[in-house]
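Me: I'm new to this one and would like to go through it by asking why things are called what they are called. Can you show me the structure before we start?

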Amino acid sequence: MVSDPGLVIDLDDAGSTPILQQYRAVKAQHPDALVLARLGDFYEMFGADAQEAAPILGVALTGRGFGAAGRLPMCGVPHHAAPGYIRRLLEAGRRVALWDQVGEVVPGRLVDRAVTRVLSPGTISEADYLDETRVARCAALYCSGGRTGVAAFDPASGELLLTEVAGGLDSVPLREECERLDVAELLIAQDADAAPPTLLPTIPRTVLPPAFFDSSRARERILAVTATQTLDAFGLQEVDRAVCAAGAVLAYCERARLTLTAGFVHVRRRNDSAGMRLDAQTRRNLELVTALGGGVSLAALLDRTRTPMGARLLRARLLEPLTEPLLILARHDAVAELAVAPRLRDTLGEALAAVRDLERLVARCVQGSAGPRDLAAVRQACAALPAIQDILSRAQAGELTTAAARCVAPDDLAARLRELLVDDPPGSARDGGCIRAEADPQLDELVGAGAGARTWIAGLEDGERQRTGIPSLKVGYNRVFGYYIEVPNAHRRAVPDEYVRKQTLVGAERYITTALKERETVVLGARERALARELELLQTLTAGVADHAAVLLDASAAVAILDVHRSLACVAVEENWVRPLVDTSGVIDIDAGRHPLVERALGPGRFVANDCRLDAAERIVVLTGPNMAGKSTFLRQVALLALLAQVGSFVPAERARIGICDRIFTRIGAQDDLSAGLSTFMVEMAETAAILRQATSRSLVILDEIGRGTSTYDGMSIAQAVVEHLHDAPPLNCRTLFATHFHELTVLAERLPRVTNARVDVSEDGDAITFLHRIVPGGADRSYGIHVARLAGVPAGVLVRARQLLAELERERPVAGSGGDVPAQLSLGIAPEHPVVAELAQLDIEGLTPIAALNKLAELRERATP
């Protein structure tokens, strides 16, 4: 809130000062951006921009009065601290236009200003605004003919990815693709259907005119930024919609003042067939990149990388495991070779660390925003690349030798950086001192001229004291008056006639002489020209890096690959993981598998390992047992081992054979989706429906407590129907782990040949139970709910009453498995002669949508209930 109680006015109603007039013009050119105006040592915002930015930045909202009209809101941040504040605006999804001072500051004159950069969450290349472990892509979407083209550009690496998916903006494949691509900003055509809230709801969206997506202009832009004559080499013949989207994202980045050059932008079509698609639920449930509790994510556990590029690649590989056995085998070979060579791992790690974030260093050079220390880091990387080749000169694994061969530094660039840059350059080029002495004759001449004049000035004080006999005479300097000779008033009579009075102080007078002004001109002029020459040389070096962008970016990609292999090898050795066998069978065969995250949390030797067998004869495991016994841990553990194996990692087990999984699906946990108006049960059913429709015979399906969000008999009937469908549906018959509290479902193993039972072993001693966390064959005959309640600290009186009620319920309305004979078929409480049974028999289940099925189920339940 503005501190002044007067009327708050907007920018158009404020005064007509020169600054405000120019600010209005800039704001008109960038209406969707917050305009930060550089005024001296501050960036200032006015009007609505200030009101919007102040609470995000946590700064005071002030104002400037314009008489009876009211006060114009204002806020500002210090220029030297601006990156931190700008990052907050970008993280809040705002676009920022930097209106900087580009002209010389002359007292009494308006400084020339220009918009030097338009920043948005998807167009950032500056290190100050980026998370070094994550990619932030700007993605354009173009829908046509039932398909959507996607073009995702990473301004920090120059990579432009193109692909197409089935469906429109509301399709599940599009949402999953955007999530895998780490999209930070969405671009959508103005005439397109509105993107639904479910499509990256927290990501800012920008609507562009349809002209941005014009097909012919898009092809021209791609050809221009790649310096090619045809798009055939990029394999874009069948992704016309993605090409249109690429044109839009390139045009948008150009408007954001990004430099797009042929050596920097590299176009690649995504090959969906080589990667596994993981939905959001699976990524969350398996804690791939974000921990659900207070522990660590899988990415954090695996990350022993020494470069930011390696950390980003590791994250990307976790989100998109391979499905091609030969590619997986090549990764395992590389990890295996490094795992048995500790000295090789150590020396390679040191060399990799010296490469730093070469990818983003090159990007900053291309954009012209690199500083002296960035150039020094590029120099260091160029020196480290040959060392990496030497270290891996005897490597055998193809992934290692191929990547090492790509670690090439341009000789002329490396030599030029060594020749010109000082060993430890300053952070900014403003004050000079970046270029080595004797590296540039012109700069040496300017520095020498200034040095001679400074030497003369340095000796002037002693000389004048002796000549004039004034012992307290001093020679000084300030920015306003330059060099001067200061004489106390007590010695005013001894001042020589050639001294010219320049300034009067309380107890002294300041003078200049003709000779002093001449030397001052030499000193200041030489310094100014030397700084200009240094900047010129630095710009030459920056341009040299940009000219070699293609080679350096390829080398940085190779370094990232080596870094990931080394990181996984370190984890394999430190955590005692083994190399899995990955093949095209439909088998998952694990001996003594362990959950990597739970094992880390418990500490060495405390985790209870378990086996898992899924093959053609035993396709579905129905897992029963009490809460807190380890069912969910076992389910996640099997999924994680399969995923790790297909990423190219070793796995926590004594032995593992993994038949390729084309997808891994998980339905674990329960939560409302309040933003979409969905209950816990509806979320559970929607996720289950998606799995049943998308899974194939090569998928791995993890289902935990299906049906628990509704009544017992409803939930049990749904759970049984899901198991039967997974078992019987021709396209499915997929490997499935099905954990449930409905121990009545264990009878399914008697009539479904590929269903087997397993349970979590429990040791009973009277009313006391001990969870052994072992998975053993057979089904549990009860749920131990009251025992778990006792362990949780529920009062004794409540437990006694619960046992009484349980006994009464089991007598009045028994369910299978609670004692006595177990029926061959689960009883759902529906009499065989009831008309609902006949209607169920005629129901076309395959033709129903999930919502229609739920509605029909509710209707039948109402009719069947007495």
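Reply: Let's start with a definition: two strands pair if DSSP finds at least two bridges between them. Keep in mind that the model is predicted.

Me: What makes E1 and E5 a pair, and in which sense do they pair?

Reply: The cut-off is at least two bridges. Strand E1 (residues 34-39) and E5 have four bridges and run in the parallel sense, so they count as paired under that cut-off. One spot to look at is Ala37, which stands opposite Trp99 in E5.

Me: Which strands pair in the antiparallel sense with E1 and with E5?

Reply: For E1, that's strand E2 (residues 42-46), with three bridges in the antiparallel sense. Here Arg38 has Tyr43 in E2 as its bridge partner. For E5, strand E6 (residues 113-119) runs antiparallel, joined by six bridges. Val96 stands opposite Leu119 in E6.

Me: Why is the pairing in this sheet called mixed?

Reply: Strands of a sheet pair through backbone hydrogen bonds, either parallel or antiparallel. Here E1 and E5 are parallel, while E5 and E6 are antiparallel. The six strands form an open sheet, in the order E3-E4-E2-E1-E5-E6, with mixed pairing.

Me: What makes E3 and E6 the edges?

Reply: Strand E3 (62-65) and E6 each have a single partner strand, so one side of each has no neighbour in the sheet. From one strand to the next, the twist averages 35°.

Me: Which helices sit against that sheet?

Reply: Helix H1 (residues 18-29) packs on it, touching E1, E2, strand E4 (71-78), E5 and E6. The direction of H1 makes about 145° with that of E1. Helix H2 (residues 47-57) lies across E1, E2 and E4, at about 45° to E4.

Me: How do you know that E5 is mostly covered?

Reply: Buried means under 20% relative accessible area. In E5 (residues 96-101), five of the six residues are buried.

Me: And what about helix H9, is it enclosed or open?

Reply: Of its 12 residues, 10 are buried, so H9 is largely enclosed by the rest of the structure. Among the buried ones are Pro308, Met309, Gly310 and Leu314.

Me: How do you know that the length of H9 fits a helix?

Reply: At 1.5 Å a residue, the 12 residues of H9 (residues 308-319) should span 16 Å. The end C-alpha atoms of H9 are 17 Å apart, which agrees.

Me: Why is Ala316 called partly exposed?

Reply: Buried means under 20%, exposed means over 50%, and partly exposed is in between. Ala316 has a relative accessible area of 40%, so partly exposed is the right term. Ala316 is in helix H9. Ala316 and Val289 are 27 residues apart in sequence, and their C-alpha atoms are 9.8 Å apart in space.

Me: Then is Glu464 buried or exposed?

Reply: Glu464 is buried: its relative accessible area is 10%, and the cut-off is under 20%. Glu464 lies in helix H16 (residues 441-468). Leaving aside neighbours within four places in sequence, Glu464 is in contact with Gly469, Leu473 and Tyr499.

Me: What makes up the largest nonpolar core?

Reply: To belong, a residue has to be a buried Ala, Val, Leu, Ile, Met, Phe, Trp, Tyr or Cys, joined to others through side-chain atoms within 4.5 Å. The largest core has 152 residues, and Val249, Leu298, Ile388 and Leu700 touch the most other members. Helix H18 (residues 549-575) gives the largest share, 14 residues. Another core, of 43 residues, lies apart from it, with Tyr23, Leu34, Tyr43 and Met74 among them.

Me: Which strands are the edges of the sheet ordered E11-E10-E7-E8-E9-E12?

Reply: This open sheet has six strands and mixed pairing. Strand E11 (205-208) and strand E12 (266-269) are its edges, as each pairs on one side only. Inside that order, eight bridges join strand E8 (residues 147-154) to strand E9 (residues 159-166), and these two run antiparallel. Ala152 stands opposite Leu161 in E9.

Me: Last one: what is the predictor's confidence in this chain?

Reply: The mean pLDDT is 86, and 87% of the residues reach 70 or more. Over residues 1-5, though, the pLDDT is below 50, and it stays under 50 over residues 672-677.

Key. Residues are numbered from 1 along each chain as its sequence is written. This is a predicted model: local features need pLDDT of at least 70, side-chain atom pairs count only at pLDDT 80 or more; totals for chains, interfaces and linings use all residues. Side-chain values use heavy atoms; hydrogens and water are left out. pLDDT is the predictor's confidence in each residue, from 0 to 100. Contact means heavy atoms within 4.5 Å. The expected span of a helix is 1.5 Å times one less than its number of residues. Buried means under 20% relative accessible area, exposed over 50%, partly exposed in between (1.4 Å probe, protein chains only). Axes are lines fitted to C-alpha atoms, for helices over the stretch in contact, and angles run from 0 to 180 degrees between N-to-C directions.
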